[in-house]
Amino acid sequence: DKMRGYLAGGINRLSIGMQSFQKDQLEILGRTHSSLEAKEAYFVARKSGFPNINVDVIYGIPNQTLNHWKETLEEVLSMNPDHISAYCLSVEKQTPIDVWIREGKLPVPDPDLAADMMLIAEEMLGSRGYDHYEISNWAKPGYASRHNLTYWKNGSYLGVGPGAHSHVGNMRFWNINSPQKYMINVCKPEKSTVLTRQSPTKEFIEKSKVVAGVETIDTKSSLAETLMLGLRLNEGISLDQLRLQFGSKAMSASLERLELFIDQGLLVADGNRLSLTQRGRLLGNEVFSSVLVGDDKQA
């Protein structure tokens, strides 16, 4: 009933966070579901009529072997989802995994092993007809995520709900985290501000009782973010389009920093497009750091 309600409400895509099919790895990740419950959720969604389902999985988990990873991918492929997101584990500070690693209860994740896992994903998913269109994402033809493509192309989007983030023009803003406070302000029109079809100004957004903060993005930061996000896509970025958007002078300075990575075989310039090589996708963070920091020596 819940799934059919989502469909009736206009939701047309689901993303299910399965992460792993090994019990001990789910426990390390702090997930409370079992692999059986995750698969049940998937098939209930299919039976309810959902035409577009993504499945999330994670590699690079402490104690995860290549065979574990292959088993997880085989399980996912047997379900035949429309889209698969495979993310490398990022250990955030002060999380349980971080504490367990520092206490010696878990091994430090092996970046070389994680790289091998990504290559296995490329091979296994590619052989089953999935297009590797973004560093962490594979899709059947016609099922690339339009939602995420908006992020990667640094487009505008509006986040609705407590804690949601938005990007409109040269502004980023985010809502208050408390669901209770959010609903109180939304349900009292005299205390809230409604966005119109016109581009909202910073002052207009700040008057909203549900917005917690606003950030104005300058041209330099916007260019760096557009480069970094666009390079995540296998199609890369259009240099002519960026020159038109940001100007030749700004682009020349950025391209000068990126030439080092072309020489190292992490980037390839093909006519008007710049994109990561296969090796570049494995070492993408090095390229992205240089773009965002603005100085490859610091990165």
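**Salt bridges and helix 6**

Trainee: In this predicted model, aspartate 82 forms a salt bridge with arginine 46, with the closest N and O atoms 2.8 Å apart. Why is this called a salt bridge?

Mentor: The cut-off is 4 Å between a side-chain nitrogen of Lys or Arg and a carboxyl oxygen of Asp or Glu. The closest N and O atoms of arginine 46 and aspartate 82 are 2.8 Å apart, so the pair qualifies.

Trainee: What does the pair tie together?

Mentor: Aspartate 82 lies in the loop between helix 4 (66-79) and strand 3 (83-88), and arginine 46 in helix 3 (residues 35-47), so the salt bridge ties together parts that are 36 residues apart in sequence.

Trainee: Is aspartate 82 buried or exposed, and what makes arginine 46 partly exposed?

Mentor: Buried means under 20% relative accessible area, and partly exposed runs from there to 50%. Aspartate 82 has 5%, so it is buried. Arginine 46 has 25%, so it is partly exposed.

Trainee: How do you know that glutamate 122 and arginine 281 meet in a salt bridge?

Mentor: Their N to O distance is 3.0 Å, and the limit is 4 Å. Glutamate 122 lies in helix 6 (residues 111-127) and arginine 281 in helix 13 (residues 278-282), so this pair ties together parts that are 159 residues apart in sequence.

Trainee: Why do glutamate 122 and arginine 281 count as buried?

Mentor: Glutamate 122 has 13% relative accessibility and arginine 281 has 15%. The threshold is under 20%, so buried is the right word for glutamate 122 and for arginine 281.

Trainee: What makes glutamate 235 and lysine 153 a salt bridge?

Mentor: The closest N and O atoms of glutamate 235 and lysine 153 are 3.8 Å apart, which is within 4 Å, so the pair counts. Glutamate 235 has a relative accessible area of 46%, so it is partly exposed.

Trainee: How many salt bridges does the structure hold?

Mentor: Eleven. Arg172, Glu215 and Glu225 are linked in a network of salt bridges.

Trainee: How do you know that the span of helix 6 agrees with what it should be?

Mentor: At 1.5 Å a residue, its 17 residues should span 24 Å, and the end C-alpha atoms are 24 Å apart, so the two agree.

Trainee: What caps the N-terminal end of helix 6, and what covers its buried residues?

Mentor: Aspartate 110 is the cap, with a side-chain oxygen 2.9 Å from the backbone nitrogen of aspartate 112. The buried residues of helix 6, among them Ala114, Met117 and Leu125, are covered by elements including strand 2 (53-59), helix 4 and helix 13.

Notes
Residues numbered from 1 in each chain as written. Predicted model: local features only at pLDDT ≥ 70, side-chain atom pairs only at ≥ 80, totals over all residues. Heavy atoms only, no water. Helix = DSSP H or I, 4+ residues; strand = E, 2+ residues; numbered from the N terminus. Buried < 20%, exposed > 50% of the residue type's maximum accessible area, 1.4 Å probe, protein only. Expected span 1.5 Å × (residues − 1). Contact = heavy atoms within 4.5 Å. Polar contact = N/O pair within 3.5 Å; in protein donor to acceptor, adjacent residues only side chain to side chain.
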